[in-house]
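Me: I have a structure open and want to know what the labels on it rest on. Please set each value against its cut-off and then conclude.

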Amino acid sequence: MLSTRQLRYFDALSRHLHFGRAAKECAVTQPALSMQIREMEDMLGVRLVERGQGGVRLTVVGEEAAARARGVLAALGDMERTIRDRGHLLEGRLRLGVIASIAPYLLPRLLPEMARRYPGVEIALRESQTDQLVADLAHGDLDLVVLSLPVEHPALETLALFDDPFFLAVPEASDAFPEELASADRILADDLLLLEDGHCFRDQALNVCRKVDEKRLRRFGASSLSTLAQLVANGQGVTLLPEMFVSSEGGRIPRVRLLPFPDPVPTRTIGLVWRRTLPFRDDVDAVAAMVKACRPGG
């Protein structure tokens with residue numbers, strides 16, 4: 001039978017694709033790690049990795065084995081934590097991930113509320129992009145993630161919390177949008193400002209502006225909604241902003257006109273994501289209720 005040590009070693013190798021770095025992560029020598037991988041392959045009767053001068057590559061079977069190993073290790077971690085924390089997620093250390101287009105506007109209200117209700121919990125925060133947070137969650141490095149749905153992953157469950165409507169932000173002095181309501185059809189690719197690649201909000205904005213020719217979009221991509229808002233304020237273009245950001249700014253942004261969209265109003269759905277093996281469903285529901293209650297503008 002495969003050992004958890006072998007699974008951990010193979011998991012590290014599958015992520016680093018380098019025996020030396022994997023061995024360093026696992027705090028063992030490179031020969032020791034290599035021997036365990038060999039024994040694992042001999043036990044299974046298949047080759048999991050291709051070793052060569054160009055480095056390490058997973059075989060097709062190795063890719064499947066790596067995915068299954070991550071799931072097993074995550075489930076073991078959840079089991080250990082269940083026993084250690086006696087069935088409560090909101091005791092001890094809670095590893096929470098939040099995407100960058102939500103974190104600055106939700107966390108200043110959420111963290112004090114969690115500390116007030118659950119003084120024994122220690123929050124370990126990670127702010128990143130959706131793909132990275134989903135990977136960390138599935139791998140067992142995070143417990144819960146707040147992000148924009150949908151997320152499709154066989155190891156994860158999701159819960160929709162609330163919708164976050166979009167506004168069109170245009171320079172205050174611009175006469176390109178004289179109406180009181182926004183019109184996606186009038187947004188030009190040359191004027192549209194977006195977050196950089198990798199942010200789900202970029203994709204959501206492009207989904208609203210479907211008639212925009214993506215080939216004509218500017219190469220520049222901002223790293224935050226605040227940067228987008230300042231660019232608009234300085235007459236550099238137009239952008240979409242979520243209500244969470246607008247509410248955090250007190251409902252107005254200097255030198256920017258915020259135009260609501262007519263029905264059906266484009267929105268993003270904010271949700272909570274966790275592993276299916278995580279047994280703390282009552283605590284998941286408690287965190288979900290706090291996120292909803294701490295929504296900016298809610």
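Me: Why is Thr130 called buried?

Reply: In this predicted model, Thr130 has a relative accessible area of 13%. Buried means under 20%, exposed over 50%, and partly exposed in between, with a 1.4 Å probe and protein chains only. The value of 13% is therefore in the buried class. Thr130 is placed in helix 6, residues 130-139. Helices (H or I, at least four residues) and strands (E, at least two) are DSSP runs, numbered from the N terminus.

Me: Which residues is Thr130 in contact with, leaving aside its neighbours within four places in sequence?

Reply: They are Ile99, Leu147 and Cys200. Contact means heavy atoms within 4.5 Å.

Me: What do the numbering and the confidence limits rest on?

Reply: Residues are numbered from 1 along each chain as its sequence is written, and side-chain values use heavy atoms, with hydrogens and water left out. Because this is a predicted model, local features need pLDDT of at least 70 and side-chain atom pairs count only at pLDDT 80 or more, while totals for chains, interfaces and linings use all residues.

Me: What is the average pLDDT of the protein chain?

Reply: The average is 89, and 96% of the residues score at least 70. pLDDT is the predictor's confidence in each residue, from 0 to 100. Confidence is lowest in helix 4, at a mean of 81, and highest in strand 5, at 97.

Me: Why does Pro154 count as exposed?

Reply: Pro154 has 72% relative accessibility, and the exposed class needs over 50%, so the label follows. Pro154 sits in the loop between strand 5 (144-149) and strand 6 (156-171).

Me: Which class do Leu17 and Arg255 fall in, and why?

Reply: Leu17 has a relative accessible area of 36%, and Arg255 has 40%. Each is partly exposed because each value falls between the two cut-offs. Leu17 belongs to the loop between helix 1 and helix 2, and Arg255 to the loop between helix 9 (243-248) and strand 8.

Me: What makes the phi of Leu17 and Arg255 worth listing?

Reply: Most residues other than glycine have a negative phi, and most peptide bonds are trans. Phi of Leu17 is near 50 degrees, a positive value in a residue other than glycine. For Arg255, phi is near 65 degrees, again positive.

Me: Where are the cis peptide bonds?

Reply: One joins Leu149 and Pro150, with omega about 10 degrees. Pro150 lies in the loop between strand 5 and strand 6. Another joins Asp263 and Pro264, with omega about -5 degrees. Pro264 is in the loop between strand 8 (256-260) and strand 9 (267-275).

Me: What makes a space a cavity or a pocket?

Reply: On a 1 Å grid over the protein atoms alone, a cavity is a set of points where a 1.4 Å probe fits but cannot get out. A pocket is an open set with protein on both sides within 12 Å along at least five of seven lines, and lining residues have an atom within 4 Å of a point. Grid points are joined across faces, edges and corners, and a volume is the space filled by probe spheres set on the points. The structure holds 2 cavities of 30 Å³ or more. The largest cavity has about 50 Å³, and the second largest about 30 Å³. Thr130 is one of the residues lining the second largest cavity, as are Ile99 and Cys200.

Me: How is the lining of the largest pocket classed?

Reply: The lining divides into 4 nonpolar, 3 polar and 14 charged residues. Ala, Val, Leu, Ile, Met, Phe, Trp, Tyr, Cys and Pro count as nonpolar, Asp, Glu, Lys and Arg as charged, and the others, Gly among them, as polar. Of the 21 lining residues, Arg8, Leu73, Gly77, Gly140 and Asp141 lie nearest the centre. By these rules Arg8 and Asp141 are charged, Leu73 is nonpolar, and Gly77 and Gly140 are polar. Helix 4 supplies the largest share of the lining, 8 residues. The volume of this pocket is about 400 Å³.
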